[in-house]
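I opened this notebook to record what I looked up, one topic at a time. Aromatic rings come before surface charge.

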Amino acid sequence: MAAEYYCADSENGDHIDDPSEDALFMLISDLNGTDNTFVVIQPDEDDPAWFASVAALDKGGYEVVRRDTTRREHDVTVETNGDRIAGDLTKWLAARAS
């Protein structure tokens, strides 16, 4: 079954349709600086209008990018708390699904 709203894909091949906040937290927690450096969340479609990504930084923490071309949003932040990132992304993603 395809994702109803969006899907998350990590560099190491993990794929989750419509991930929960807990699933996002697990994907973020699994990021490292060698073989699984990022996760991207976006609609499961060609040429999506929005996406969010989380990338592990070499010196610790994460770079979080949120981009939505229809709303003219592009935000880049650096965070250290994976739980906070997952919660913030869940809220941001919910606004795109409505």
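Entry 1, aromatic cluster. I found that Tyr6, Trp50 and Trp92 form one aromatic cluster. The model is a predicted one. I listed the aromatic pairs next and got 2 for the structure.

Entry 2, tyrosine 6 with tryptophan 50. This pair is edge-to-face, with 6.1 Å centre to centre and 70° between the planes. I then looked up where the partners sit. Tyrosine 6 is in the segment before strand 1 (7-10) and tryptophan 50 is in strand 4 (residues 50-56), so the pair ties together parts that are 44 residues apart in sequence.

Entry 3, tryptophan 50 with tryptophan 92. I noted an edge-to-face pair here too, at 5.7 Å centre to centre and with 85° between the planes. Tryptophan 50 belongs to strand 4 and tryptophan 92 to helix 2, so parts that are 42 residues apart in sequence are tied together by this pair.

Entry 4, burial. Are tyrosine 6 and tryptophan 50 buried or exposed? Both are buried. Tryptophan 50 has a relative accessible area of 9%. I call tryptophan 92 buried because its relative accessible area is 12%, and buried means under 20%.

Entry 5, surface charge. I looked for a negative patch and found one on the surface, formed by Glu21, Asp22, Asp83 and Asp88. Which helices supply at least two residues each to the negative patch? They are helix 1 (21-29) and helix 2 (82-97).

Entry 6, aspartate 88. I located this residue in helix 2. Aspartate 88 counts as partly exposed because its relative accessibility is 30%, and partly exposed lies between the buried limit of 20% and the exposed limit of 50%.

Technical notes
Residues numbered from 1 in each chain as written. Predicted model: local features only at pLDDT ≥ 70, side-chain atom pairs only at ≥ 80, totals over all residues. Heavy atoms only, no water. Patch = residues over 30% accessible without salt bridge, like charges linked within 9 Å, V, L, I, M, F, W, Y side chains within 5 Å. Areas by Shrake-Rupley, 256 points an atom, 1.4 Å probe, with all protein chains shown as cover. Salt bridge = Lys/Arg side-chain N within 4 Å of Asp/Glu carboxyl O. Lys, Arg positive; Asp, Glu negative; His and termini not counted. Charge placed at Lys NZ, Arg CZ, Asp CG, Glu CD. Helix = DSSP H or I, 4+ residues; strand = E, 2+ residues; numbered from the N terminus. Buried < 20%, exposed > 50% of the residue type's maximum accessible area, 1.4 Å probe, protein only. Phe/Tyr/Trp six-rings, centres within 6.5 Å; stacked < 30°, edge-to-face > 60°.
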